[in-house]
Amino acid sequence: MTTPTAAQASTESHTHIRLRPMRQKDLGAVYKLEKLGQPRPWPAWYFRKQLRNASCWVLEQQGMLIGFGIFSMVKHWAHIMNMGIAPGFRRQGLGRRMMLHMLSMASKEHARYSWLEVRLTNIPAIRLYHQLGFRKKQLRRKYYSLPGG
């Protein structure tokens, strides 16, 4: 698996994007995407742990990993733990596609509720989550350890 560059993403059509379960061999590319999208990325070992304990998914196009999503179940609650889309593929509905897939899979696991955390400065994500029916429940001060929380 490889992670696309912005130049590759802009020159390829966005058709034939496959959503499938994450596999061990995807972890390197998933970690690269995480580092591209997060100022404080999860450590690589945490992705390995979640692959064993959570529901992990990837989006790929022609062998390139272009997105991932991870959720876990706690009783009847789905916790959307992490999601990332390659920079050149953002704002094209792939985050929505991943979120809808994870929520559908959680529903099949009898989730009645779902929650997630989002950085206050991540306006595109907040907008998407709001469109999907998520509402702000509480503000966790200093949850994200960088300025802009």
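User: What makes Gly67 and Ile85 partners in this predicted model?
Analyst: A bridge does. Ile85 in strand 4 is the bridge partner of Gly67.

User: How do you know that strand 3 and strand 4 pair?
Analyst: Pairing takes at least two bridges between the strands. Strand 3 and strand 4 are joined by 8 bridges, so they pair. They run antiparallel. Strand 4 covers residues 77-85.

User: Which residue takes a positive phi in the hairpin of strand 3 and strand 4?
Analyst: Lys75 does, near 55°. That hairpin has 2 residues between the strands.

User: Why are strand 2 and strand 3 called a pair?
Analyst: The cut-off is at least two bridges. Strand 2, residues 55-61, shares 7 bridges with strand 3, so the two pair, in the antiparallel sense. Gln61 stands opposite Met64 in strand 3. In this hairpin, 2 residues lie between the strands, and Gln62 takes a positive phi near 45°.

User: Why is strand 3 called mostly covered?
Analyst: Buried means under 20% relative accessible area. Of the 11 residues in strand 3 (64-74), 9 are buried, so the strand counts as mostly covered.

User: Which residues have the most contacts inside the largest nonpolar core?
Analyst: Ile70 and Met99. This core has 39 residues. Strand 3 supplies at least two of them, and so does each of several other elements, including strand 1 (17-21), helix 2 (27-37) and helix 4 (94-108).

User: What makes Trp42 a contact of Ile70?
Analyst: Contact means heavy atoms within 4.5 Å. Ile70 touches Trp42, so the two have heavy atoms within that limit. Ile70 also touches others, among them Phe47, Cys56, Ile80 and Met102.

How values were computed. Residues numbered from 1 in each chain as written. Predicted model: local features only at pLDDT ≥ 70, side-chain atom pairs only at ≥ 80, totals over all residues. Heavy atoms only, no water. Buried < 20%, exposed > 50% of the residue type's maximum accessible area, 1.4 Å probe, protein only. Helix = DSSP H or I, 4+ residues; strand = E, 2+ residues; numbered from the N terminus. Core = buried A, V, L, I, M, F, W, Y, C linked by side-chain atoms within 4.5 Å. Lists of a residue's contacts leave out its neighbours within four places in sequence.
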